[in-house]
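Dear colleague,

Here is the structure I promised to pass on to you, with my notes on it below. Please read the notes with the coordinates open beside them.

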Amino acid sequence: SLERISADIPASNDKNWSSASYASGYATPTLKNSQAIDGSMEEAIISITPNVISPDNDGFDDHTLIEINSNIGGAWSSILILDLNGNKIKQLLNADLIGGDDKLIWDGTDERNRILPSGIYILYAEIITEQGQVQKIRKPIVVAEHRN
């Protein structure tokens, strides 16, 4: 659905409208618009909680929450998990429209949904604004083996 990007810009401005984000299911009825801009443009901040996971289905740190927090409305993002050699392990987003406060979950698996071996992996995100500005973010995530 269409969302108004900024309440400070007239609704008659056709540049003030965008589709809802991928993570919101492309619709946000009764919720804050996923493309809303609150103030000046800032760089996106990606947080990973926890950044050490043990995907062994014991109910403790089996997955990580990836939060994209930004004031960038109408931006597109690709988010990948890479190994330390830069090889693609899993594609989480592929040039998808993102909102100002989107969340993703990664469960420590590769493209074939196999649990990865213990090690350090890199979350790599590219965020591209409608104006063509590119922001690249890299964050480590550790996949650990759970031991009793």
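In β5, the residue that forms the bridge with Ile46 is Ile68, and Thr49 stands opposite Leu65 in that strand. β3 and β5 pair in the antiparallel sense over five bridges, where strands are DSSP runs of E with at least two residues, numbered from the N terminus, and two strands pair if DSSP finds at least two bridges between them. Please keep in mind that this is a predicted model, in which local features need pLDDT of at least 70 and side-chain atom pairs count only at pLDDT 80 or more, whereas totals for chains, interfaces and linings use all residues. Residues are numbered from 1 along each chain as its sequence is written, and side-chain values use heavy atoms, with hydrogens and water left out.

The side chains of β3 alternate, with Ile46 and Ile48 pointing to one face and buried, while Ile45, Ser47 and Thr49 point to the other face and are not buried; buried here means under 20% relative accessible area, exposed over 50%, and partly exposed in between, with a 1.4 Å probe and protein chains only. This fits the general rule that in a regular strand the side chains alternate between the two faces of the sheet.

β3 also belongs to an open sheet of three strands, in the order β3-β5-β8 and with antiparallel pairing. Because β3 and β8 stand at the edges with a single partner strand each, one side of each is left without a neighbour in the sheet. Neighbouring strands of this sheet are turned by 20° against each other on average, direction ignored, with axes taken as lines fitted to C-alpha atoms.

As for the chain as a whole, it has zero helices and ten strands, and buried residues make up 41% of its 148 residues. Of the contacts (heavy atoms within 4.5 Å) with a separation of 6 or more, 53% are between residues 24 or more positions apart.

The largest nonpolar core, that is, a set of buried Ala, Val, Leu, Ile, Met, Phe, Trp, Tyr and Cys residues joined through side-chain atoms within 4.5 Å, has 22 residues, and those with the most contacts inside it are Ile79, Ile81, Trp106 and Leu123. The elements that give two or more residues to this core include β3 (45–49), β5 (64–69) and β8 (101–106). Leaving aside residues up to four places away in sequence, Trp106 touches several residues, among them Ile53, His63, Ile66, Ile81, Leu92 and Ile141.

Three backbone details deserve a look. The peptide bond from Thr49 to Pro50 is cis, with omega near -15°, and Pro50 lies in the loop between β3 and β4 (52–53). Asp61, in the loop between β4 and β5, has a positive phi of about 50° although it is not a glycine, and this residue is partly exposed, with a relative accessible area of 29%. Ala95, which lies in strand β7, likewise has a positive phi, near 55°, and counts as partly exposed at 45% relative accessibility. For background, most residues other than glycine have a negative phi, and most peptide bonds are trans.

With best regards

Conventions: Helix = DSSP H or I, 4+ residues; strand = E, 2+ residues; numbered from the N terminus. Axes fitted to C-alpha atoms, helices over the stretch in contact; angles between N-to-C directions.
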